[in-house]
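Here are a few exercises to work through with the coordinates open. Try each task yourself before reading its solution.

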Amino acid sequence: MVLRRWLGVWVVLTGLMLSLVACQPATPEQAFLGTDIRHETFGGPLALTDHHGVKRTLKDFRGKWVVLFFGYTHCPDVCPTTLGDTAAALRLMPPEDAKKVQVIFVSVDPERDTLAMLRDFVPYFHPDFLALTGTEAELAQTAKDFRVVFSKHTTAGVGGYLVDHTAGSYVLDPEGKLSLFLPFAMPAADMAHDLKLLMHPS
Ligand SMILES: [Cu+2]
């Protein structure tokens, strides 16, 4: 008899706990770790030339989640770190999800970043990454469209100058609209988390 009574209490308590769990609001894991910018309407056609010499626009990437980053190959820190971390994020994702992501690196140093240079640099991080570049005027317009800034400053070291540039990556949805801004030095696991949440909201 005593056992049955205790069993009854246990069933009631378990039921209560389950109903409490069911009433919990969204867990923190369901929030983006980057900045949600889905309400923003800026952006542009991204009309540039890829590292194979082919003219491209954002429309060519419809159906893909685009991770867009601006930089230059001589960058001593921010660009290699970001490209390496982004490649690591793709490797953390299920292959079928990673295939839906196109990483685009826009070079803002047309003087030194030739197509040959970009062909050597970008696929080193991941074979599917694509570099885009253009004339100074095209790049200035694209940077303005995406609210990115860059400026050269001379140094005594090899190469003669560095290019300060906006760090961090945009994520664009398969229709080409802004979704997230991922800050510089975001861990690969956090990037993978955000991309997964964008692809599979629930
Ligand atoms: Cu850089």
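The exercises below concern a predicted model.

**Exercise 1.** Find the order of the strands in the open sheet of eight strands, and work out which strands stand at the edges.

*Solution.*
1. Going across the sheet, the order reads 1-10-9-4-5-6-2-3, and the pairing is mixed.
2. Strand 1 (35–36) and strand 3 (55–56) each have a single partner strand, so these two stand at the edges, with one side of each left without a neighbour in the sheet.

**Exercise 2.** Determine in which sense strand 1 and strand 10 pair, and which residue stands opposite Asp36.

*Solution.*
1. Strand 10 covers residues 178–182, and its pairing with strand 1 is antiparallel, over two bridges.
2. Within strand 10, the residue opposite Asp36 is Leu180.

**Exercise 3.** Identify the strands that helix 2 and helix 4 lie across.

*Solution.*
1. Helix 2 (residues 78–92) lies across strand 4 (65–71), strand 5 (101–107) and strand 9 (169–172); its angle to strand 4 is about 165°.
2. Helix 4 (residues 115–125) lies across strand 5 and strand 6 (130–133), at about 145° to strand 6.

**Exercise 4.** Place Arg147 and Ala185 in their loops, then decide for each: buried or exposed?

*Solution.*
1. Arg147 sits in the loop between helix 5 (136–145) and strand 7 (150–154). Its phi is positive, about 55°, although Arg147 is not a glycine.
2. Ala185 belongs to the loop between strand 10 and helix 6 (188–199). Phi of Ala185 is also positive, near 70°.
3. The cut-off for exposed is 12 or fewer C-beta neighbours within 10 Å. Arg147 has 12, so Arg147 counts as exposed. Ala185 has 12, so Ala185 counts as exposed.

How values were computed: Residues numbered from 1 in each chain as written. Predicted model: local features only at pLDDT ≥ 70, side-chain atom pairs only at ≥ 80, totals over all residues. Pairing = 2+ DSSP bridges. Helix = DSSP H or I, 4+ residues; strand = E, 2+ residues; numbered from the N terminus. Contact = placed C-beta atoms within 7 Å. Axes fitted to C-alpha atoms, helices over the stretch in contact; angles between N-to-C directions. Buried ≥ 20, exposed ≤ 12 C-beta atoms within 10 Å, placed from the backbone.
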